[in-house]
Amino acid sequence: MQIVLLTLFPEALEPYLASSILGIAREKGKVRIRLVDFRDFARDRHRTVDDRPFGGGPGMVLRPEPIFDCVEWLEREHGPFRRLLLSPDGQRFGQAQAHALAGEERLLLLCGRYEGFDERIRQELAWEEVSIGDFVLSGGELAALCVVEAVVRLLPGVLGHEQSTARESFEGGVLDHSHYTRPPVWRGRSVPDVLRSGDHAAIERWREESALTRTRTRRPDLLTQRKEPEPAMEAGREPRHTRWT
């Protein structure tokens with residue numbers, strides 16, 4: 001899989017992308033992640049990517065030209081991408097969408113900044129707008145990292161155990177079951193006997209009931225929304241700051 005992130009702050013993303021699961025996935029050759037600074041596509045000597053909004057008001061708005069030029073350059077180089085725009089007014093991202101995106105060959109994520117995007121960026125380029133929650137961040141970088149990690153960890157061979165993702169929260173429409181490890185007794189609280197019984201059928205039943213109980217208590221809405229993951233959809237100038245990691 002190829003993933004490209006368009007950002008004005010590639011240096012903020014690089015350390016996380018090189019760490020933990022994402023770093024392991026890169027080392028295994030399961031994913032190639034490219035950071036592109038779309039400021040490199042600005043058309044003036046000051047490398048301007050934003051300007052004041054028409055009609056007045058606070059903040060600055062991202063101009064369309066650098067982003068258009070950047071996307072067109074990338075797709076000439078690599079072919080079409082499934083394009084994601086990180087935005088608080090996008091569709092709420094969830095595990096079903098992560099599964100759908102994990103089946104794609106190429107993903108392109110645009111991280112916004114400042115007051116927002118010139119609306120023509122939305123109108124002229126076919127984006128899927130994605131939100132990670134009903135709150136506002138200073139930019140789309142953290143949201144993009146959330147989406148990338150959720151997708152990459154689902155790729156075959158990335159995690160150490162094939163069943164690692166099968167029992168996680170939101171798989172099958174429920175939260176994960178409770179977990180215990182050593183010591184068997186801590187501050188007077190004991191690990192449930194069934195988990196130390198060696199009876200695998202009984203352990204499986206306990207885990208299923210634990211998951212359902214936790215879901216009923218904490219996220220009962222999930223039990224009314226249970227469904228299968230969505231299927232995957234179809235989806236000039238070399239910049240100075242661009243790299244595959």
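In this predicted model, a convenient place to start is arginine 187, which sits in the loop between strand 9 and strand 10 (189-190). Arginine 187 is not a glycine, yet its phi is positive, at about 50 degrees. With a relative accessibility of 73%, this arginine counts as exposed, because the cut-off for that class is over 50%.

Tyrosine 114 offers a second case of this kind of backbone geometry: its phi is near 65 degrees, again a positive value in a residue other than glycine. The residue belongs to the loop between strand 6 (106-110) and strand 7. Its relative accessible area is 39%, so tyrosine 114 is partly exposed. For the reader who wonders why such angles are worth a mention, most residues other than glycine have a negative phi, and most peptide bonds are trans. The peptide bond from arginine 182 to proline 183 is cis, with omega near 5 degrees. Proline 183 is part of the loop between helix 6 and strand 9.

Stepping back to the whole chain, the protein has eight helices and 11 strands. It is built from 245 residues, and 43% of them count as buried. The accessible surface amounts to about 14,200 Å², with 49% of it belonging to carbon and sulfur atoms.

The aromatic side chains come next. A pair of aromatic rings is described by the distance of the centres and the angle of the planes. Two aromatic pairs are present in the structure. One of them joins phenylalanine 41 and tryptophan 73 in a tilted arrangement, 5.8 Å from centre to centre and with 50 degrees between the planes. This pair links distant parts of the chain, 32 residues apart: phenylalanine 41 is in the loop between strand 2 (32-37) and strand 3 (50-51), while tryptophan 73 is in helix 3 (residues 64-78). Both phenylalanine 41 and tryptophan 73 are buried.

Tyrosine 180 and tryptophan 206 also form a tilted pair, with 6.4 Å between the centres and 55 degrees between the planes. Because tyrosine 180 lies in the loop between helix 6 (141-152) and strand 9 (185-186) and tryptophan 206 lies in helix 7 (residues 200-218), the pair ties together parts that are 26 residues apart in sequence. Here tyrosine 180 is partly exposed, at 46% relative accessible area, and tryptophan 206 is partly exposed as well, at 23%. A ring also takes part in a contact with a charge: the charged end of arginine 106 sits over the ring of phenylalanine 81, 5.9 Å from its centre.

Phenylalanine 9 is found in the loop between strand 1 (2-7) and helix 1 (10-17). Its relative accessibility of 29% makes this phenylalanine partly exposed. Leaving aside residues up to four places away in sequence, phenylalanine 9 touches Arg113 and Glu141. Phenylalanine 9 and glycine 139 are 130 residues apart in sequence, but their C-alpha atoms are 9.6 Å apart in space.

Glycine 139 appears again in the second largest pocket, where Leu86, Ser87, Pro88, Leu137 and Gly139 lie nearest the centre among 22 lining residues. Strand 5 (82-92), strand 7 (116-117) and strand 8 (128-131) are the elements that give two or more residues to this lining. The largest share comes from strand 5, with four residues. The space in this second largest pocket is about 360 Å³.

Key
Residues numbered from 1 in each chain as written. Predicted model: local features only at pLDDT ≥ 70, side-chain atom pairs only at ≥ 80, totals over all residues. Heavy atoms only, no water. Buried < 20%, exposed > 50% of the residue type's maximum accessible area, 1.4 Å probe, protein only. Areas by Shrake-Rupley, 256 points an atom, 1.4 Å probe, with all protein chains shown as cover. Contact = heavy atoms within 4.5 Å. Phe/Tyr/Trp six-rings, centres within 6.5 Å; stacked < 30°, edge-to-face > 60°. Lys NZ or Arg CZ within 6 Å of the ring centre and 35° of its normal. 1 Å grid on protein atoms, 1.4 Å probe; cavity = no way out; pocket = protein on both sides within 12 Å on 5 of 7 lines; lining within 4 Å. Points joined across faces, edges and corners; volume = space filled by probe spheres on them.
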